[in-house]
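Please open the model in a viewer and keep the sequence panel at hand. The tour below proceeds by selection, with a short account of what each selection shows.

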Amino acid sequence: MELTEADKKQLEKKGISKEKVLGQIETFKEGIPFVRLEKAAVVSDGISKFSEAEEQGLIKKFEDAKKKISLLKFVPASGAASRMFKAMFNFLDTYDPKAEKFEAYLDRTKDKDVKAFFDGYKNFAFYDLIQKRIAGKTSSKDEEKYLFVKEMLLPEGLDFGFYPKGLLPFHDYGKHTATPFEEHLKEAIAYAQVNNEANLHFTISEQHGEMFNKEFKTAGERVAKDAKTSFTVNYSFQKPSTDTIAVTLDNKPFRNSDGSLLFRPAGHGSLIENLNEQDADIIFIKNIDNVVVPRFSDDVAKSKKILAGLLLELQSKAFEYAKLLDGDNLTSEILETIKSFLEKDLNVRFSDKFGGFSIGQQIEILKDKISRPIRICGMVKNEGEPGGGPFWIRDAHGHISLQIIESAQVDMDNPAQVDILKNSTHFNPVDLVCGVRNYKGEKFNLLNYVDAKQGFITQKTKEGKDLKALELPGLWNGAMAFWNTIFVEVPLVTFNPVKTVNDLLKPAHQVK
């Protein structure tokens, strides 16, 4: 690949090396292989499930320890709300209230999303706001419906279609509406605050920085006053250096009409760099749109405390064994005890050849396996939601591990692999509790635990031309592939994402 002087300046400005670009082009040429599923992770084989007594023990462990440790809530929040309103944008494009009755439109299109929207739209937190803005501007109920959606979505109105999802009015408290940002502050009080102080980190788009600052001033003061808690809120942006080059269908760098190289944001996997810059004993990770109204908040907090208690329990044993492995008094019995802990508690799988290695080799392997970041991942029973699930997979070297796998990573032309995919009983709701330090208190470099072979190649278009784009391994998929991983069944009530605007009509988002 020959780089022009302009190309070199472009790379330098973005903080991307030529070697990185060449590596990405090689990935396009080689392709990214499908993962090889061994079997679905299920309760008692890859997914833990605790009794009430065990749960209370884990909660106590967390509550007893939390005053002596640092906690952080990490929230990926850079997504725009445009996909949330896809059906309503389509409604604006296909309905003319002057030419057609609304009921006739529904009969013609059989559009269930639009019907559900208007059947329940008085229950949206933003209903009264929009009605006030359009009052007196319409001559019929059908026209009012059209204008309601127009006012909600377009730039000359409230512009919700292009808002950051984290700043939309989700919940109606009567005197005020609450955004997901505000609900995450409240949630932090329930499980992520120590001595009335809570730390949160949001990854946002750079152009939305001022909007989030403004919301923190309003909502943050309100929540802090009510709960007598002070908040430290930090933000970071997806780094330009994590953008990936786009290529033509024959794997040549794709160039824009001005001759510059086309780079594209590489998906949420880029955020492993943002996470790597955080420093806390326990980091809770949860998506921006997965929030609840107060009557469900105790269940959510309880679940988080259980996961955090489990992390502390496993971490203390892992630290103890890692320290032993650095010492001199190692016997074959101690090594067997450590290997058993890794297998039973941290789901680590060893090669059949392990027993034939020398003691020195076994010690090095055990050191490598135990001294890794740990993630405890909540898993809900599969209710047909799209997204990743828990599986045992076998990599190209024959190593078996627990991973969160998306259907796009599976060879859908292979009936045996499709059968395993269909046997999955659980779903990943992006509900993680992470330990990112070793037993000496040193922070792991999380970039060392990414499996680059778990990215995605997708086909897109730009200015009418086909191109191939590269997404980095997802934050909770391949970006954490080489962490020690524990899956735990959590209640369905903890999973309430808002993928479409109509999800806001569900009970978890209705205050009354």
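Select strand E4 (residues 71-76) together with strand E8 (residues 197-203): the two run parallel and are joined by 4 bridges. This is a predicted model. Within the pair, Phe74 of E4 stands opposite His201 in E8.

Keep E8 selected and add strand E9 (residues 230-236). E8 and E9 also pair in the parallel sense, over 7 bridges. To locate one point of contact, label Thr203, whose bridge partner in E9 is Ser236.

Next, add strand E7 (residues 193-194), which pairs with E8 in the antiparallel sense over 2 bridges. Gln193 has Ala198 of E8 as its bridge partner. The two strands form a hairpin with 2 residues between them. In that turn, label Asn195, which has a positive phi of about 50 degrees. With these neighbours displayed, how many of the residues of E8 are buried? The count is 5 of 7, and the strand is mostly covered.

**A second set of strands**

Move to strand E17 (residues 431-435). All of this strand is hidden: 5 of its 5 residues are buried, so E17 is largely enclosed by the rest of the structure. Colour its two faces separately. Asp431, Val433 and Gly435 lie on one side, Leu432 and Cys434 on the other, and both faces are covered.

Now add strand E12 (residues 282-286), which runs antiparallel to E17 and is joined to it by 4 bridges. Phe284 has Val433 as its bridge partner in E17. Then add strand E13 (residues 374-381), likewise antiparallel to E17 and joined to it by 4 bridges. Here Ile374 stands opposite Gly435.

**The cavity**

The structure holds 1 cavity of 30 Å³ or more. The volume of the largest cavity is about 80 Å³. To centre the view on the largest cavity, select Phe319, Ile370, Ser371, Arg372 and Phe444, which are the closest to its centre of the 13 residues that line it. Which element supplies the largest share of this lining? Select helix H12 (residues 297-325), which contributes 4 residues. Colouring the lining by class gives 7 nonpolar, 4 polar and 2 charged residues.

**The second largest pocket**

Turn next to the second largest pocket, which holds about 630 Å³ of space. Its lining comprises 29 residues, and those closest to its centre are Asp395, His399, Ser401, Gln403 and Phe482. Select helix H14 (359-370) and strands E14 (389-394), E15 (400-405) and E20 (484-489), since each supplies at least two residues of the lining. Strand E15 gives the most, with 4 residues. By class, the lining of this pocket divides into 12 nonpolar, 8 polar and 9 charged residues.

**Helix H1**

For the last stop, select helix H1 (residues 5-14) and show the side chains of its buried residues, Asp7, Gln10, Leu11 and Lys14. Why do these residues share a side of H1? They cover an arc of only 95 degrees around the axis, which puts them on the same side of the helix. As a rule, an α-helix has 3.6 residues a turn, so residues three or four places apart point the same way.

Display helix H2 (18-30) and strand E11 (263-264), which are among the elements covering the buried residues of H1. Rotate to the face turned away from the buried side, where the exposed residues Glu5, Lys9, Glu12 and Lys13 are found. Finally, label Gly15, just after H1, which takes a positive phi of about 80 degrees.

Note on methods
Residues are numbered from 1 along each chain as its sequence is written. This is a predicted model: local features need pLDDT of at least 70, side-chain atom pairs count only at pLDDT 80 or more; totals for chains, interfaces and linings use all residues. Side-chain values use heavy atoms; hydrogens and water are left out. Buried means under 20% relative accessible area, exposed over 50%, partly exposed in between (1.4 Å probe, protein chains only). The arc is that of the directions from the helix axis to the C-beta atoms. Contact means heavy atoms within 4.5 Å. On a 1 Å grid over the protein atoms alone, a cavity is a set of points where a 1.4 Å probe fits but cannot get out, and a pocket is an open set with protein on both sides within 12 Å along at least five of seven lines; lining residues have an atom within 4 Å of a point. Grid points are joined across faces, edges and corners, and a volume is the space filled by probe spheres set on the points. Ala, Val, Leu, Ile, Met, Phe, Trp, Tyr, Cys and Pro count as nonpolar, Asp, Glu, Lys and Arg as charged, and the others, Gly among them, as polar. Two strands pair if DSSP finds at least two bridges between them.
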